[in-house]
Amino acid sequence: MNTIDVDGRTCRPSKILCVGRNYRAHIEELGNEIPESMVIFHKPNSAISDTLRSAIDDQPLHYESELAFTVKAGNLHAVGFGLDLTKRRLQSALKAKGLPWERAKAFDGSALFSAFIPLPDNIEGLSLQLDVDGELRQAGGTSLMIYTPAQIIRELKTFTTLEDGDIIMTGTPAGVGEITAGQYFEGKVLFAGKTLVSESWTAVASANAPRAKL
Ligand code: MG
């Protein structure tokens with residue numbers, strides 16, 4: 001099982017629950033409709049990685065930076081920066097046929113995270129920033145979300161059990177794009193303009209699809 005760092009302790013999330021289409025500007029950039037209800041998909045523990053890849057096989061990967069929260073005793077517990085990596089070409093083909101997205105969203109190496117730190121008193125002041133090669137690419141935060149983190153966790157609990165250490169990814173703001181090998185990614189979670197936690201990755205070239213572990 002893959003692990004994450006939550007407030008200095010090692011955690012093994014059983015799953016990552018992801019909200020899609022939670023920022024209006026991102027919905028518009030992909031030409032999607034504003035959903036009538038929350039769009040939710042999930043990634044398994046095996047999606048977690050420390051390696052940022054530009055492609056897998058012939059599928060280029062796109063980055064989506066997101067505020068990510070861990071759960072403890074059924075409540076939001078800690079916050080970190082997350083990358084929801086996407087095989088966008090494949091996802092578009094699956095969407096066009098009305099098929100599930102897992103092949104494009106839940107593959108090995110599709111979820112990267114900073115360390116997670118305890119929540120500030122007021123999570124409404126949380127925001128994120130992604131710089132690629134020193135240039136601002138994405139910025140967003142709880143104030144711009146269609147569904148707040150509190151609404152998201154309430155909705156998730158209506159149909160699934162949230163285990164301690166599970167991760168909730170809250171959707172991406174505008175500015176998503178394709179990853180190029182050699183690019184330097186720096187993600188930050190901020191509160192009232194101050195950096196709470198950050199992480200960086202240098203993208204490496206395409207890999208063959210990871211083989212199933214025996
Ligand atoms: Mg996403």
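**Exercise 1. Find how strand β3 pairs with strand β4 in this predicted model, and name the partner of C18.**

Step 1. Strand β3 and strand β4 (residues 39–44) are joined by 6 bridges. The two strands run antiparallel.

Step 2. Look up C18 in this pairing. Its bridge partner in β4 is F41.

**Exercise 2. Find how strand β3 pairs with strand β14, and say which residue L17 stands opposite.**

Step 1. Strand β14 covers residues 167–169, and 3 bridges join β3 to β14. Here the strands run parallel.

Step 2. Within β14, the residue opposite L17 is I168.

**Exercise 3. Decide whether strand β3 is enclosed or open, and check each of its faces.**

Step 1. Count the buried residues in β3, which spans residues 15–20. A residue is buried if its relative accessible area is under 20%. In β3, 6 of the 6 residues are buried, so the strand is largely enclosed by the rest of the structure.

Step 2. Separate the two sides. K15, L17 and V19 lie on one side of β3, while I16, C18 and G20 lie on the other. Both faces are covered, since the residues on each side are all buried.

Step 3. Check one residue by its value. C18 has 0% relative accessibility and therefore counts as buried.

**Exercise 4. Determine how many disulfides the structure holds, and explain the result for C11 and C18.**

Step 1. State the cut-off. Two cysteine sulfur atoms must be within 2.5 Å to count as a disulfide.

Step 2. Start from C11. The closest cysteine sulfur to that of C11 is in C18, at 17 Å, which is too far for a bond.

Step 3. Start from C18. The closest cysteine sulfur is that of C11, 17 Å away, so again the distance is too far for a bond.

Step 4. Give the total. A search of the whole structure finds 0 disulfides.

**Exercise 5. Describe the whole protein chain and judge whether it is as compact as a globular protein of its length.**

Step 1. List the secondary structure. The protein chain has 4 helices and 17 strands.

Step 2. Compare the radius of gyration with the globule rule. The radius is 16 Å, and the rule gives 17 Å for 214 residues; these are close, so the chain is as compact as a globular protein of that length.

Step 3. Add the dimensions. The C-alpha trace spans about 45 × 40 × 35 Å along its principal axes.

Step 4. Add burial and contacts. Of the 214 residues, 50% count as buried. Among contacts with a separation of 6 or more, 73% come from residues 24 or more positions apart.

Step 5. Finish with the surface. The protein chain exposes about 10,200 Å², and carbon and sulfur atoms supply 47% of this area.

Key
Residues numbered from 1 in each chain as written. Predicted model: local features only at pLDDT ≥ 70, side-chain atom pairs only at ≥ 80, totals over all residues. Heavy atoms only, no water. Buried < 20%, exposed > 50% of the residue type's maximum accessible area, 1.4 Å probe, protein only. Pairing = 2+ DSSP bridges. Rg over C-alpha atoms; globule rule 2.2 N^0.38 Å. Contact = heavy atoms within 4.5 Å. Areas by Shrake-Rupley, 256 points an atom, 1.4 Å probe, with all protein chains shown as cover.
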